[in-house]
Amino acid sequence: MRAALWLCPALSIALTLAACDAPPAGSGPDPLGDGGSTADMAGMLPPAEACTAKPLPTGEDGKCDVQVTYAPSPAAAQVAIAGEWNGWTPQSLGAPDTEGRYHANLRLAPGVYGYKLVVNGSDWRLHDSNPYRKYVGGVENSGLRVSDCRKPQLEIVPNWLLVSRPPVGPSGRGQFKIRIRTIAGTGQSAAICNVTGKLRRPETVYTTDAALPSLSASQLTLAADRQSFDVSLADLPDGKYTLTLSATVGGLATETLVLPFWIEPEKFALSDTPLYMAVTDRFVDGDSKNNKPVAGVVAAANFQGGDLIGVTQKIESGYFDSLGVRALWLTPFYTQPDVAFKDQGGKHDVAGYHGYWPVKAREVDPRLGGKAALHRLVEAAHRRGIRVLMDAVLNHVHDGHEYFTDASKRDWFRTGCICGTSGCDWTAKRLECLFSRYMPDIDWTVTAASEQFIADTLWWLEEFDLDGLRIDAVKHVEDLAVINLGTRIRERFEGARTRYYLIGETAMGWNEGTVNDNRENYDTIKRYMGGNSLDGQFDFVWYHGVAYRVFAYEDKRYLHLDYWTHASLDQFGKADMVNYLGSHDTSRFITQATYRDASGPWARDIA
Ligand SMILES: [Ca+2]
Ligand SMILES: [Ca+2]
């Protein structure tokens, strides 16, 4: 992107610079206590009272003004709103404005509320322009998120963002500029008392977040009225940057603002790169000291020692560059159980080398090298322009998971019905069935559970500076899992217009015949894409119809390849679809082509 979006008028620049004569960064106190130094503007502090927090209002005074706007299509004669705050009693929204929009002016305490719009007296609808959802009493509703207006916030000034780099020429010529303003908390001052900006840069190796350098006084400048500030960075080498901003406004700490951005000669698009998938345990063993196979499990079904250190070695050796790979998808990072469980056939003991048996919410498996190894992997990837997608397991946990073993959280999970057994059909019970008796199903209709799994996933993305997600088993989780998570990811990480890619796994088949014979396959894959939801999915129809039948089995010819490739392009348009020859859920392509349908991997001793 080279368009000059930096609209700073000369007068503002002058004011900004005039306000910049601050002591060097790091000379002031660290009021947030987070280890970063602070662009403290000692000597320029606003009056002490402006930086003294007043008591937060409570009760009715602690409620926040919220406006809900709804434009029914087609136009409606009457619109009401009903939600948790009013006992689901429809409250008329009166007459529409001149553009046909209805407005509800509410005063609510901070929180998430379920609600629906009631059109023409009896038609209870989700609010189509608000993607967030909330289940109440087992019924899906729109979710109204009311943030705490009593506390200050940082906000990007619309259109005051510039991320640029000449399309040709050497690295080191990137620029980033942004203007941030404050929103005062209720009854508080909007004055910035101090502000901290930390920058993760691609050319530097960091061991912990505390080591991230703070912005200098020339990079972070405060406006004369102290209600906005600019960040201006120049001469940036290519790679990924993540700017984290936090401030004290009117005496109260703001939430941090996280602004990842890339400097690179050509705008990245996921559709331009192969997505390289590694089962980390089976890739490269970079450190044998962390190897810990499970006793009593045959080697083929056990941990084999591969780790994130090994993946990093391959990144740094230029292996992925030589393949033209600019995006990695790695198997889940969550810590796995130390004991064996039966495979789906119930016959063979297998270990959790695949990563899909999480027992910890926020811990990198020590066998993979732990937290430090994941930090170093992502840094190495970003220096080379490579994105890293985390595999997010949102449908289930392992029964050793710290949330499942916590009695207070037991209602977050379903147990009992095992997918594919009598009375528990894979499709009819797709949301609530268990993949195995030891894999409790997450009940996303429980708001405490859904908000926690979203918070955990945001944590992974932020803590490790990841670039997106591959979401496991999408059709087995309630729709709101992907919708709410996608909404929160877009809000949290895309302020500087850096796309966080969300790719879903919605396993479907392929039916002999035409596109219409595959309508359900296509529609099921499509329903989770677009808007704040997924950017793309794995193209299972193409896999079964082409990779499998044309390439591996050769029982279909190239006209078939042509027909189904065109069908996918027609059906999925510009979505970031993943066409694949095999994955960790299938036999390797070469195995498929060699053995065709000859019994399973256990019979061939190549599990
Ligand atoms: Ca190892
Ligand atoms: Ca489920």
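Start by selecting Asp 535, which is buried at a relative accessible area of 11%. Keep in mind as you click around that this is a predicted model. Now add Arg 499: the two side chains meet in a salt bridge, 2.8 Å from N to O. Asp 535 sits in the loop between helix 7 and strand 27 (536-537), while Arg 499 is in the loop between helix 6 (479-493) and strand 26 (501-504), so the pair ties together parts that are 36 residues apart in sequence. Arg 499 is partly exposed, with a relative accessible area of 33%.

**More charged pairs**

Next, pick Arg 200, Lys 240, Glu 379, Asp 465 and Asp 467 together; salt bridges that share partners join them into one network. There are 48 salt bridges in the structure, so let's visit just a couple more.

Select Asp 365 and Arg 367, whose closest N and O atoms are 2.9 Å apart in a salt bridge. Are these two buried or exposed? Asp 365 is buried, with a relative accessible area of 2%, and Arg 367 is buried too, at 8%.

Then jump to Lys 342 and Asp 349, another salt bridge, with 3.1 Å between the closest N and O atoms. Here Lys 342 counts as partly exposed at 32% relative accessibility, and Asp 349 is also partly exposed, with a relative accessible area of 32%.

**The calcium ion**

Show ligand 2, the calcium ion, and look at what surrounds it. Which protein atoms are its donors? They are Asn 395 (OD1), Leu 431 (O), Asp 441 (OD, listed twice) and His 476 (O), at 2.3 to 2.7 Å from the ion. Along the sequence, the donor residues follow the spacing N-x35-L-x9-D-x34-H. Color Asn 395 and Asp 441 to see distant parts of the chain linked: Asn 395 is in the loop between strand 22 (387-392) and strand 23 (413-414), Asp 441 is in strand 24 (residues 441-442), and the two are 46 residues apart. Both Asn 395 and Asp 441 are buried.

**Helix 5**

Select residues 447-463 for helix 5, which has 17 residues and reaches 24 Å from first C-alpha to last, close to the 24 Å expected at 1.5 Å a residue. Its buried residues include Phe 453, Ile 454, Leu 458, Trp 460 and Leu 461, and also the charged-type side chains Asp 456 and Glu 463. Following the helix is Asp 465, with a positive phi near 60 degrees; you met Asp 465 earlier in the salt-bridge network.

**Helix 9**

Now select 558-572. Helix 9 has 15 residues and spans 21 Å between its first and last C-alpha, close to the 21 Å expected. Buried here are His 560, Leu 561, Trp 564, Ala 567, Ser 568, Gln 571 and Phe 572. Look down the axis of helix 9: its buried residues fall within an arc of 135 degrees, so they line one face of the helix. Show helix 7 (519-526) and helix 8 (540-552) as well, since the buried residues of helix 9 pack against them. Turn to the face away from the buried side and you'll find the exposed residues Tyr 558, Leu 559, Leu 569 and Asp 570. Gly 573 follows the helix, with a positive phi near 55 degrees.

**Last stop: a hairpin**

Finish with strand 8 (residues 133-136) and strand 9 (residues 139-146), which run antiparallel and are joined by four bridges. Val 136 stands opposite Val 139. The two strands form a hairpin with two residues between them, and Gly 137 in the turn has a positive phi of about 60 degrees.

How values were computed. Residues are numbered from 1 along each chain as its sequence is written. Chains are lettered from A and ligands numbered from 1 in the order in which they are written. This is a predicted model: local features need pLDDT of at least 70, side-chain atom pairs count only at pLDDT 80 or more; totals for chains, interfaces and linings use all residues. Side-chain values use heavy atoms; hydrogens and water are left out. Donors are N, O and S atoms within 2.8 Å of the metal (3.2 Å for Na, K and Ca); water is not among the atoms, so sites may look incomplete. Buried means under 20% relative accessible area, exposed over 50%, partly exposed in between (1.4 Å probe, protein chains only). The expected span of a helix is 1.5 Å times one less than its number of residues. The arc is that of the directions from the helix axis to the C-beta atoms. Contact means heavy atoms within 4.5 Å. Two strands pair if DSSP finds at least two bridges between them. A salt bridge is a side-chain nitrogen of Lys or Arg within 4 Å of a carboxyl oxygen of Asp or Glu.
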